[in-house]
Amino acid sequence: MTSLELRASLSLASIYGLRMLGMFLILPIFAIYAEGLPGNPSHLMIGLALGAYGLTQAVFQLPFGMASDRYGRKRVIYFGLAIFALGSLIAALAQTIEMTIVGRAIQGAGAVSAAVTALVADLTREEHRTKAMAMIGGTIGITFAFSLVAGPALNQWIGIPGIFALTGILTLLAMLVVRFVVPDPQISRFHSDAEASASKLSEVLRNTQLLRLNFGIFALHAAQMAMFVVVPFALMKSGGLDANHHWQVYLPIMGISFVCMVPAIIYGEKKAKLKNIFVAAIALMFGAQLLFASSINQFWGIVASLTAYFIAFNVLEASLPSIISKVAPAASKGTAMGVYNTSQSLGIFLGGAVGGWLSHIYGYAAVFIFCSVLIALWLAFAVSMKAPPAVKSRMFHLSEMTAEEGLELADQLLRLQGVREAVVLADEGVALLKVDMHAWDEEAALQLIGKEN
């Protein structure tokens, strides 16, 4: 990567991370704070406050990405970040659960992730784009783990309103990063590998393999949000831990889960056993939900459940985007990821709302029985899905060519050893390939593309 590409990737990853930080920091402690608001809010209202941002994020995520094609990447990102900052301010000043829900919903409406991804694509060459996207993915994972530990610590210093205010301030600083650190793209155009296209939606939504994965991310985040409606109370009641000290539980668990995740993902990718690892992680997640349901009133039972949960969660969160990339048609990858991200946001909303309602009406265990049903359905879908092909994606820049010349080049590339799929998008000036993980004729592909260039 050039220094410009590296600067663009790191700065945009930091913006993505700052936004996620605002979402994640409150998760381990918000429920306890919200219960103390005037009117003694029910768990249903607490769950709605936790999940509200997921609903508006699901609504605006794809439209914001498409709007960035028309109105400019940075303009849409400024607009989205301003909305997010406004929502953070409203949540910080809220004196009731109803106003907190409004603030959270406005936060979610600042859905800039698709526009940020599109800007990354504008600022990186095709052969380095996967690295740039990996930086963003890594930032999200690190931010989540950091938030579980930092949220309770920050709570004792500035409280939940202070965390919301801090989030707003960081968002304003992120706007300065966009203005002064993120480079301006020389050319801004649509990228099929990174953006959603309305014309490709029907193809993606008819793909049963992708639908299984979309249900998976929906179920995974629904269970996560439902869990955070209940677990903070359970830790406080069963372990005598006030909210400020919940980090003492999460810190060692997150360390263990990351140590377990890395070799599992490496083994799955290198040995083409990704489905095996994937199904095993879902089975472990199912077991964690059942363990939660049976031991939610016992401190060490909660610790054991959380450990199993986060090992499974981190493996699944890391492997799902990789499987989407392998399964989605090369020319529809951006659309597939857009639908996937929207499914995740809907899961966040449903998990918060249903988890809060079940906890309010039927108690803690009912929440995890609901989650167990969701994960059991996912497990059935995963067991019956096709194993993802052992391929990796490659992209190559092309000079200007006609659509007919693009079709001819794609046909030639498809005949090469190890090439499973080849699509040439003449209007975008890019060749998208899916190739065998360990054996493909890269030199011949470069020669063919070099002739066209």
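In what follows, Ala, Val, Leu, Ile, Met, Phe, Trp, Tyr, Cys and Pro count as nonpolar, Asp, Glu, Lys and Arg as charged, and the others, Gly among them, as polar. By that division, the lining of the largest cavity holds five nonpolar, two polar and four charged residues. The model described here is predicted, and the points below cover its nonpolar cores, its cavities and one of its pockets.

**Nonpolar cores**
- The largest nonpolar core has 125 residues, and those touching the most other members are Phe 30, Met 227, Val 231, Phe 278, Leu 306, Phe 310 and Trp 378.
- Helix α9, which spans residues 208–239, gives the most to this core, contributing 19 residues.
- Beyond its neighbours within four places in sequence, Leu 306 is in contact with Met 227, Val 231, Val 249, Tyr 250, Ile 253 and Phe 292.
- Another core, of 19 residues, lies apart from the largest one and includes Phe 396, Val 424, Ala 426 and Trp 440.

**Cavities**
- Two cavities of 30 Å³ or more are present, and the largest holds about 100 Å³ of space.
- Among the residues lining the largest cavity are Asp 193, Ser 325, Lys 333, Arg 394 and Leu 433, while β1 (391–397) and β3 (430–436) are the elements that give two or more residues to this lining.
- The second largest cavity holds about 30 Å³, and α1 supplies the largest share of its lining, four residues.

**Second largest pocket**
- This pocket has a volume of about 510 Å³, and of its 21 lining residues the closest to the centre are Asp 122, Thr 124, Arg 125, Gln 186 and Ile 187.
- Helix α6 gives the most to the lining of this pocket, with three residues.

Key
Residues numbered from 1 in each chain as written. Predicted model: local features only at pLDDT ≥ 70, side-chain atom pairs only at ≥ 80, totals over all residues. Heavy atoms only, no water. Core = buried A, V, L, I, M, F, W, Y, C linked by side-chain atoms within 4.5 Å. Buried < 20%, exposed > 50% of the residue type's maximum accessible area, 1.4 Å probe, protein only. Contact = heavy atoms within 4.5 Å. 1 Å grid on protein atoms, 1.4 Å probe; cavity = no way out; pocket = protein on both sides within 12 Å on 5 of 7 lines; lining within 4 Å. Points joined across faces, edges and corners; volume = space filled by probe spheres on them.
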